[in-house]
Amino acid sequence: MELFEAVSPLDFRYYGANPAFMEKLLPYVSEAAYVKYQAKVEAALVRTLANNDICSHEIADQVEKAIDQVTAEEVYEEQSRIRHNIRSLVNVIRRKISPEARPYVHLFATSADILDTATAMRFKDLTKKVILPDLINLEQQLIELACEHAETVQIGRTHGQHAEPITFGYAIALYVSRIGNRIELIDQMNQNLRGQFSGAVGAFNGLSMISESPEQIESDLLNQLGLKPSDTHTSTQCVEPEYISDLAYAITSAYTVLANFSDDMRHLFRTEIAEVSKKYDPKLVGSSTMPHKINPEAFENIKSLWKAFVPRMQTVFMDSILEHQRDLTNSASSRFLTELFVAFDYSIYRLSRVLKEIDVKADQMRKNLELSAGNTVAEPIYLLLAYYGFPEAYDHTRKLVAQVHETGQTLTELLWKDPDLRPFLENLTDKQRNVLRDPSAYIGTSVSRTHATCTEWGLRIEETLANQA
């Protein structure tokens, strides 16, 4: 199929439109990859039977060699004939091995054993080998940006209004922490994915006829594949759904942090704010009719994609409900979960790229701070008056603010002229006086907290990377 004959925008516009990005994910997210993972489970199953003297290792060797030749095309061709996906895979494998080996393919297994275990394997590999490294790279970019601007003073905002000064690095450090926490959660949930080999209703009915310890056979199989069984080896016919749900939630939660960060940056792009922009590239077009436009399209794209994919979590929860041992009410809907992971990693890619192009306007941040500098000293005035024992410090400060609106004078000017305040102002230290005269000095621990946050997460990310090795 040609690229522009695809239905999903992921294929023709985002994921599929970037060959390098697509190539990185193809070994895990494509249907061909899924078939390969299913075949790996079937081969590991036969090897487990051989390890338990149920068949020979020569037979297991045959099956392992055969699965390297299995293609999604021939499996789907068989499925069009018999209308069963896993039995189609089994039939294709059986055709590539000797008659003596054929009885052992899929022996004691049910479809969900293969499908659920293959799903856990591919999501575990995708997350470990692609998503976590990409997210860690983004985290390191944010750490670098935060440290670079740890002392770049910016007005803090609450409810969209000027509040009190912080630094731009401190604002970025918040996202260093939030994304860092999501990295650890994703890693934890990924390592907790489970598989199974327990048969048609999950109670080892078949294996228990030939073994006194079928749970051990299941563990042997899953150990080959880098997975664990359910903690109590219980299931219906399917792996308990919460393991995949937990990973999907961790991904969705991290995606929400990316969307929040993108939204914050998008607002800083506004003409009336203009604290962040993109380095000018004469090749890029911002508008079909306004030549001057430079748009925050990457940040907008990330938020827009997030809106399309965050509702997928609702489907994940609905897929957790199956009747009795199993039904097929999740067989179609669960196939779309892969798209959540793809869209998330694509958004990481877009955000990482735009951070390389970001242009932080430190001078504009200073100008914006000065727009309301006379008002933002209201908080330190009130706090210092209260600290030195002035009665009704908050209400008196509000009266000063009212005089600002009436007279046009600044708070600082009114403060030093107020005879009622003079005895208390005499107690101020030089540092406290400086804050009242220069609001840009009123940044609290923004600088030290920025560096502390970046240092902490730098070390924690190194630990995560070490655990991945």
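**Figure 1. A salt bridge between helices α7 and α2.** D134 is buried, with a relative accessible area of 18%, and this acidic residue makes a good opening view of a predicted model. Its partner in a salt bridge is K24, and the closest N and O atoms of the two are 2.8 Å apart. The pair links distant parts of the chain: D134 belongs to helix α7 (residues 111–148) and K24 to helix α2 (residues 19–29), 110 residues apart. K24 counts as partly exposed, at 35% relative accessibility. With the cut-off for buried at under 20%, the 18% of D134 puts that residue in the buried class.

**Figure 2. K96 and E74 join a loop to helix α5.** Here the salt bridge runs between K96 and E74, with 3.3 Å between the closest N and O atoms. K96 sits in the loop between α6 (85–95) and α7, while E74 is in helix α5 (residues 72–82), so the pair ties together parts that are 22 residues apart in sequence. Both ends can be followed in terms of accessibility: K96 is partly exposed at 30%, and E74 is partly exposed with a relative accessible area of 23%.

**Figure 3. A salt bridge from helix α11 to strand β3.** E297 and K278 form this salt bridge, their closest N and O atoms being 2.9 Å apart. E297 lies in helix α11 (residues 297–309) and K278 in strand β3 (residues 276–278), so to speak two distant parts of the chain that the pair links across 19 residues. In this view the acidic partner, E297, is partly exposed at 36% relative accessibility, whereas the lysine, K278, is buried with a relative accessible area of 10%. For a wider count, the structure holds 16 salt bridges. Elsewhere, R47, D61 and E64 are linked in a network of such bridges.

**Figure 4. The β1–β2 hairpin, seen around Q154.** Strand β1 (residues 153–158) pairs with strand β2 (residues 161–167) in the antiparallel sense, over five bridges. Two residues lie between the strands of this hairpin, and H159 in the turn has a positive phi of about 55°. Q154 is found in strand β1 and stands opposite I166 in β2. Q154 is buried, with a relative accessible area of 4%. Leaving aside residues up to four places away in sequence, Q154 touches P165, I166, T167, F168, A171, L268, E275 and M365. While you look along the strands, keep in mind that side chains in a regular strand alternate between the two faces of the sheet.

**Figure 5. Stacked rings of F123 and F341.** The structure holds 13 aromatic pairs, and F123 with F341 is a stacked one, at 4.5 Å centre to centre and 25° between the planes. F123 comes from helix α7 and F341 from helix α13 (residues 337–357), so this pair links parts of the chain 218 residues apart. F123 is buried, with a relative accessible area of 3%, and F341 is buried too, at 1%.

**Figure 6. An edge-to-face pair, F269 and F299.** The two rings meet edge-to-face, at 6.0 Å centre to centre and 65° between the planes. F269 lies in the loop between α10 (242–268) and β3, and F299 in helix α11, so the pair ties together parts that are 30 residues apart in sequence. Both F269 and F299 are buried.

**Figure 7. A ring cluster and two charges over rings.** Ring pairs link Y14, Y15, F21, Y346 and Y349 into a cluster. In a second panel, K40 lies over the face of Y37, at 4.6 Å from the ring centre. A third panel shows R460 over the face of W457, at 3.9 Å from the ring centre.

**Figure 8. Cysteines without a disulfide.** A search of the whole structure finds zero disulfides. C147 is in none, and the nearest cysteine sulfur, that of C454, is 3.7 Å away. A disulfide would need the two sulfur atoms within 2.5 Å. C147 counts as partly exposed, at 32% relative accessibility, whereas C55 counts as buried, at 10%.

Methods
Residues are numbered from 1 along each chain as its sequence is written. This is a predicted model: local features need pLDDT of at least 70, side-chain atom pairs count only at pLDDT 80 or more; totals for chains, interfaces and linings use all residues. Side-chain values use heavy atoms; hydrogens and water are left out. Buried means under 20% relative accessible area, exposed over 50%, partly exposed in between (1.4 Å probe, protein chains only). Two strands pair if DSSP finds at least two bridges between them. Helices (H or I, at least four residues) and strands (E, at least two) are DSSP runs, numbered from the N terminus. Contact means heavy atoms within 4.5 Å. A salt bridge is a side-chain nitrogen of Lys or Arg within 4 Å of a carboxyl oxygen of Asp or Glu. Rings of Phe, Tyr and Trp (its six-membered ring) pair if their centres lie within 6.5 Å; planes under 30 degrees apart count as stacked, over 60 as edge-to-face and the rest as tilted. A charge sits over a ring if NZ of Lys or CZ of Arg is within 6 Å of the ring centre and within 35 degrees of the ring normal.
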